[in-house]
Each structure stands twice: as structure tokens, then as C-alpha cells.
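Work through the exercises below with the sequence and the 3D structure at hand, and try each task before reading its solution.

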Amino acid sequence: MSQFLSNCTADAMLDAAARLKAGDLVAFPTETVYGLGADASNSQAVARIYSVKGRPTDHPLIVHIASIDRVGNWAREVPEYAIALARSFWPGPMTLIFKRSESAGDFITGGQDSVGVRVPDHVVARALLEAFERVGGVGVAAPSANRFGHVSPTTATAVIEELGDYLSKDDLVLDGGACDVGIESTIIDCTGAAPSVLRPGAISIAMIEDCTGLKTTQNDKEIRVSGSLENHYAPVATVLLRSNAIAGQGLIAHSSTDTPEGVIRLASPGDDEEFARILYSALREADAQGLKEVVVIEPLGIGIAVAIRDRLTRAANGR
Ligand code: TXA
Ligand code: MG
């Protein structure tokens, strides 16, 4: 069992950074979901991420950095349009994929020639990354802090539920409250002539195209993105889309949707942003209540609704 820390003072962040440097794991909040961090330069520490998550070792990890200045440490080629994206949306819910530098070992990239990099926007994440730099670190590799294929955690309690049995006593879980965005970052491949969205998120295609003046291309490459597996992000309960909820089933839908008699209402978000923010905790609640089925009425429209529908389609394919 790991240690749990909810008082994230400057001293506590230095201690957390020292643990990372020593090869221990630190789970930390970001604005999207909680991540399970390790020193991105330490192959043994990173190997522990894979065993704690139960994740296949050929699935690459995102390197989290304190600021845009550190990109050059991990990437060997950064196109103009990627600089524009980084300037507009970092710190924020966006991961950029670059051709990797020599610092990005096979143990981070799953043996691919590219590396994912992100500057997260959360006070605790930023304090941790800055403290890690002060002890000589250059980046923190972190996947979402859940077992492979499960729903990502958006609270520290959910991290403990997912990984508590697998972490050891020197590992740390930082509690920074509930995540603001609630679903994982937009992943943009920046290795080609134009940006290509590999995973939709809060940074939408329209925002990317407005920022870069370029048309985004489709993901037609053989890149391994575990978040793109068809049955990812799934709770134990069966997720039903485009279906009418009946008694005994759970229901997640916009607040304008009524709750039929006998249906267990799990969440009533007022808009798409709130839908994203509460979605994963509502799916966890379905499991906590032991529900067999949960009906989700998907939000229509563009923007973050695209990312919500992406995750729900995968969740509906089950574990
Ligand atoms: O919001 C997020 O992105 C969260 C927080 C913790 O930062 N992280 C996250 O990590 O969702 P993870 O590992 O659960 O999902 C990251 C996805 C994976 O599907 C991985 O395959 C993909 O990013 N990825 C990482 N590096 C890549 C690369 N070099 N090329 C293609 N895909 C990559
Ligand atoms: Mg994940």
C-alpha cells in the first residue's frame, strides 16, 4: 500500500520529487485525469508503471514536462505548427507526438521512433514537475493511473481503488481534488506536414485548425495508441448507448432528460463540459452500486462532445 498525501505544500512537493528521483512512483492530479508518474529517464522506475498498471510494454507513455522549454530534450524535430499549438494550449489538455530524441528511450516509446509530450495545467502537477526539475529531473512519464483498459481516475480515491493493491509503501498518491476536464488529453501527431488527431479531447479539431491554419489529417499510420483500442475506458457494468433506460438500470444524461421510474440516475450534467467532468466518476458509481447496466445518452454536437462519444463508444465495447 502506498502513502496518501492531501496536503500538497512546497515541502511535500520536494519530497515527492525526491521519491521520483529515487525511482518510486508518484500518482498525481492533472486537469484531465490522474497520472501514475515515474522518472522518464529511469528504465526501472518506468518498468514499474507497466507492472502496476498491467499494461503491455509496447504501449508508449506520455512524458510530462514543466514548460515548453523542455520539449527539445525529448523531441528531435518540432514543426512550426506544433510550436503554435504548444504556445496556444500549453499548459493544457493536449499531448503532442514528435520524432524522438536520444533521451526518449525505447522503454518510454514502446520502441517507436516518436515520443508524446505534455505540459499539464494543474497546480499540483506543475508544482511536482517544477520540484522534479530542481532535483535534476527532466520529465515524468505518466499514463492514466488505472489498471489497463479500465476507466481513468478523476479523484485520488479512484486512484487508490484502481492501484492501491499494486503500489508499494514508498510510492505516493497526491490528492489534488477532482479533475477539471475529466477526460484524457487530445493527442496530436506532429511528425507529419500537418497535425493529425490520434485521440480527441478538450482541444477540438476546430481549435487546432484555427490555431495552425492547417487542415488536420486522419490517423492513417500504424501507431500504437492504447487509448485507441476498441474496448478501453470500460467499467464493469455494461454501457448501453442509444437505448431507453428501464427500471434497475443506471442513467447518465444531460439534465434536460427525465429519469424514468425505477431508474437509478447517476449524473445530470448541465452542459458538455460538465458531462466530461463527471462521466468517469458516474461510471465508477455504477460499479460501486453494483449495477449491471448503465444507459448513457450521448451529448450531440462538436467540441468536447466528440471526445465524450469516442470514450463512450469504447466503454460500450466492454472490458
Ligand atoms: O490526459 C492524459 O493524456 C493523461 C494524463 C495523465 O496526462 N494521460 C494518459 O495517458 O491518458 P495514457 O497512457 O493512459 O494514454 C496515453 C495515450 C496512449 O494511448 C498511448 O498509446 C499514446 O498516448 N501515446 C503515447 N506516446 C505515443 C507515441 N509516441 N505515439 C503514439 N501514441 C502515443
Ligand atoms: Mg489510459
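The exercises that follow concern a predicted model, and each solution proceeds in steps.

**Exercise 1. Helices H9 and H10**

Task: Find the angle at which H9 and H10 pack, and decide whether they are roughly parallel or roughly antiparallel to each other.

Solution. Begin by locating the two helices, since H9 covers residues 272-288 and H10 covers residues 304-316. Next, take the geometry: their axes are 9 Å apart, and the packing angle is about 30 degrees. Angles under 35 degrees count as roughly parallel, and H9 and H10 are therefore roughly parallel to each other. The crossing of these two helices, H9 and H10, is left-handed. Finally, look at the side chains, where Asp 272, Glu 273, Phe 275, Ala 276, Leu 279 and Tyr 280 of H9 meet Ile 304, Ala 305, Ile 308, Arg 311 and Leu 312 of H10. Sorted by class, this contact of H9 with H10 has eight nonpolar and three charged residues, with no polar ones.

**Exercise 2. Helices H1 and H6**

Task: Work out how the axes of H1 and H6 cross, and list the residues that meet.

Solution. Start with H1, at residues 10-22, and H6, at residues 123-134, whose axes come within 8 Å and cross at roughly 60 degrees. That angle makes H1 oblique to H6. As for handedness, the crossing of H1 and H6 is right-handed. On the H1 side the contact is made by Met 13, Leu 14, Ala 16, Ala 17, Leu 20 and Lys 21, which meet Val 124, Ala 127, Leu 128, Ala 131, Phe 132 and Arg 134 on the H6 side. By class, the contact of H1 with H6 holds 10 nonpolar residues and two charged residues, but no polar residue.

**Exercise 3. Helices H4 and H8**

Task: Describe the crossing of H4 and H8, and then say which residues make the contact.

Solution. The axes of H4 and H8 come within 9 Å, and the crossing is at roughly 115 degrees. The handedness of the H4 and H8 crossing is right-handed. From H4 the contact draws on Tyr 81, Ala 84, Leu 85, Ser 88 and Phe 89, while H8 supplies Met 207, Ile 208, Cys 211 and Thr 212. Dividing the residues of the contact of H4 with H8 by class gives seven nonpolar, two polar and no charged.

**Exercise 4. The nonpolar cores**

Task: Which residues have the most contacts inside the largest nonpolar core, and which elements give two or more residues to this core?

Solution. In soluble globular proteins, nonpolar side chains tend to be buried together. Here the largest nonpolar core has 45 residues, and within this core Leu 36, Trp 74 and Leu 96 have the most contacts. The elements that give two or more residues to this core include strand E3 (35-39), strand E6 (94-100) and strand E7 (114-118), and among the helices H2 (43-53), H3 (71-74), H4 (80-89) and H7 (156-163). Take Leu 96 as an example: setting aside residues up to four places away in sequence, Leu 96 touches Ala 82, Leu 85, Ala 86, Trp 90, Val 115, Gly 116, Val 117, Ile 188 and Cys 190. There is also a second, separate core of 27 residues, which includes Ile 252, Ala 267, Tyr 280 and Val 296.

**Exercise 5. Residues in loops**

Task: Decide whether Ser 185, Gly 201, Arg 242 and Glu 261 are each buried or exposed.

Solution. For this step, buried means under 20% relative accessible area and exposed means over 50%.

- Ser 185 lies in the loop between strand E9 (172-174) and strand E10 (186-189), and with 2% relative accessibility Ser 185 counts as buried.
- Gly 201, in the loop between strand E11 (196-199) and helix H8 (205-212), counts as buried at 4% relative accessibility. Apart from neighbours within four places in sequence, Gly 201 is in contact with Glu 184, Ser 185, Thr 186, Ile 304 and Ala 307.
- Arg 242 sits in the loop between strand E12 (238-241) and strand E13 (250-252), and at 68% relative accessibility Arg 242 counts as exposed. Although Arg 242 is not a glycine, its phi is positive, at about 45 degrees.
- Glu 261, in the loop between E13 and strand E14 (264-267), is exposed, with a relative accessible area of 77%.

Terms used: Residues are numbered from 1 along each chain as its sequence is written. Chains are lettered from A and ligands numbered from 1 in the order in which they are written. This is a predicted model: local features need pLDDT of at least 70, side-chain atom pairs count only at pLDDT 80 or more; totals for chains, interfaces and linings use all residues. Side-chain values use heavy atoms; hydrogens and water are left out. Axes are lines fitted to C-alpha atoms, for helices over the stretch in contact, and angles run from 0 to 180 degrees between N-to-C directions. Helices (H or I, at least four residues) and strands (E, at least two) are DSSP runs, numbered from the N terminus. Angles under 35 degrees count as roughly parallel, over 145 as roughly antiparallel, 65 to 115 as roughly perpendicular and the rest as oblique. A crossing is left-handed if the near helix is turned anticlockwise from the far one by less than a right angle, and right-handed if clockwise. Contact means heavy atoms within 4.5 Å. Ala, Val, Leu, Ile, Met, Phe, Trp, Tyr, Cys and Pro count as nonpolar, Asp, Glu, Lys and Arg as charged, and the others, Gly among them, as polar. A nonpolar core is a set of buried Ala, Val, Leu, Ile, Met, Phe, Trp, Tyr and Cys residues joined through side-chain atoms within 4.5 Å. Buried means under 20% relative accessible area, exposed over 50%, partly exposed in between (1.4 Å probe, protein chains only).
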